[in-house]
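Work through the exercises below with the model open beside you. Try each task before reading its solution.

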Amino acid sequence: MAEFTYVTYIEGTPDRIWTALTDAAQSAEYWGHANVSDWKSGSRWEHQRTDGSETADVVGTILEATPPTRLVNTWEDPANPGLGKPDVVTFTIEAHDGVARLTVHHRNIADDEQLAIASHGWAAVLSNLKSYIELGRPLPHAPWEMP
């Protein structure tokens, strides 16, 4: 099992970042998927497409939700639930003088191929999140579509 950690610094507050991560409409703006849950420990969450189908490409369980500083959830393919250990993603948000450090730690990644996908995906999504919070809009083109 592999792990991946990404750290970024965002001009904004932990509350603002938390809301962008957990509000379905806002996550749809910069992620291309809406993160849908009630964000309570033990609850289901879904990473739903924004094409109106409400298809969830990723699902999981909220393991910990401590607004606005820590969110931990499992991460699984809904087409293959229960195949081995689910991935676990931890978001940690720390504030310092108007700047927040967002750390994303993704663990239990199945293999090197999935690690490469996660590495590319997190860098793109978190860059888009940073632009969304600092500029009020995501990047002009979906960064995950870049080769």
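Helices and strands here are DSSP runs, numbered from the N terminus, with at least four residues for a helix and at least two for a strand. The model is a predicted one.

**Exercise 1. Place Ser43 in the chain, then decide whether Ser43 is buried or exposed.**

Step 1. Look for the strands on either side. Ser43 sits in the loop between β2 (33-36) and β3 (44-49).

Step 2. Apply the cut-off: buried means under 20% relative accessible area. Ser43 has 15% relative accessibility, so Ser43 counts as buried.

Step 3. List the contacts, leaving aside neighbours within four places in sequence. Ser43 is in contact with Ser37, Asp38, Gly60, Thr61 and Ile62.

Step 4. Look for a polar contact. The side chains of Ser43 and Asp38 make one, at 2.6 Å.

**Exercise 2. Find how the strands on both sides of β3 pair with β3.**

Step 1. Take β2 and β3. They pair in the antiparallel sense over four bridges. For Ala34, the bridge partner in β3 is Gln48.

Step 2. Take β3 and β4. This pair is also antiparallel, with five bridges. Trp45 has Gly60 as its bridge partner in β4.

Step 3. Inspect the hairpin of β3 and β4. Six residues lie between the strands, and Gly52 takes a positive phi near 90 degrees.

**Exercise 3. Name strands that are joined to β7, and count the bridges.**

Step 1. Start with β1 (residues 2-11). Strand β1 runs antiparallel to β7, and 10 bridges join them. Within this pairing, Ile10 has Ala100 as its bridge partner in β7.

Step 2. Go on to β6 (residues 87-96). Nine bridges join β6 to β7, again antiparallel. Phe91 is matched by Val104 in β7.

Step 3. Check the turn. The hairpin of β6 and β7 has two residues between the strands, and Asp97 takes a positive phi near 50 degrees.

**Exercise 4. Explain why Ile133 counts as buried, and find what Ile133 touches.**

Step 1. Locate the residue: Ile133 belongs to helix α3 (residues 112-135).

Step 2. Its relative accessibility is 12%, which is why Ile133 counts as buried.

Step 3. Leave aside neighbours within four places in sequence. The contacts of Ile133 are then Ile10, Glu11, Gly12, Arg16, Ile17 and Ala20. Ile10 is the residue of Exercise 3 whose bridge partner in β7 is Ala100.

Step 4. Compare sequence and space. Ile133 and Thr13 are 120 residues apart in sequence, and their C-alpha atoms are 9.4 Å apart in space.

**Exercise 5. Describe the largest pocket and the largest cavity by volume and lining.**

Step 1. Take the pocket. The largest pocket holds about 790 Å³ of space. Its lining has 28 residues, and Val58, Trp75, Asp87, His106 and Gln114 lie nearest the centre.

Step 2. Assign the lining to elements. β4 (56-66), β7 (99-109) and α3 each give two or more residues to the lining of the largest pocket. Helix α3 gives the most, with seven.

Step 3. Sort the pocket lining by class: 13 nonpolar, 10 polar and five charged residues.

Step 4. Turn to the cavity. The largest cavity has a volume of about 70 Å³. Its lining includes Trp45, Trp75 and Phe91. Strand β5 (residues 70-75) gives the largest share, three residues.

Step 5. Sort the cavity lining by class: seven nonpolar, two polar and no charged residues.

Key
Residues numbered from 1 in each chain as written. Predicted model: local features only at pLDDT ≥ 70, side-chain atom pairs only at ≥ 80, totals over all residues. Heavy atoms only, no water. Buried < 20%, exposed > 50% of the residue type's maximum accessible area, 1.4 Å probe, protein only. Polar contact = N/O pair within 3.5 Å; in protein donor to acceptor, adjacent residues only side chain to side chain. Contact = heavy atoms within 4.5 Å. 1 Å grid on protein atoms, 1.4 Å probe; cavity = no way out; pocket = protein on both sides within 12 Å on 5 of 7 lines; lining within 4 Å. Points joined across faces, edges and corners; volume = space filled by probe spheres on them. Nonpolar A, V, L, I, M, F, W, Y, C, P; charged D, E, K, R; others polar. Pairing = 2+ DSSP bridges.
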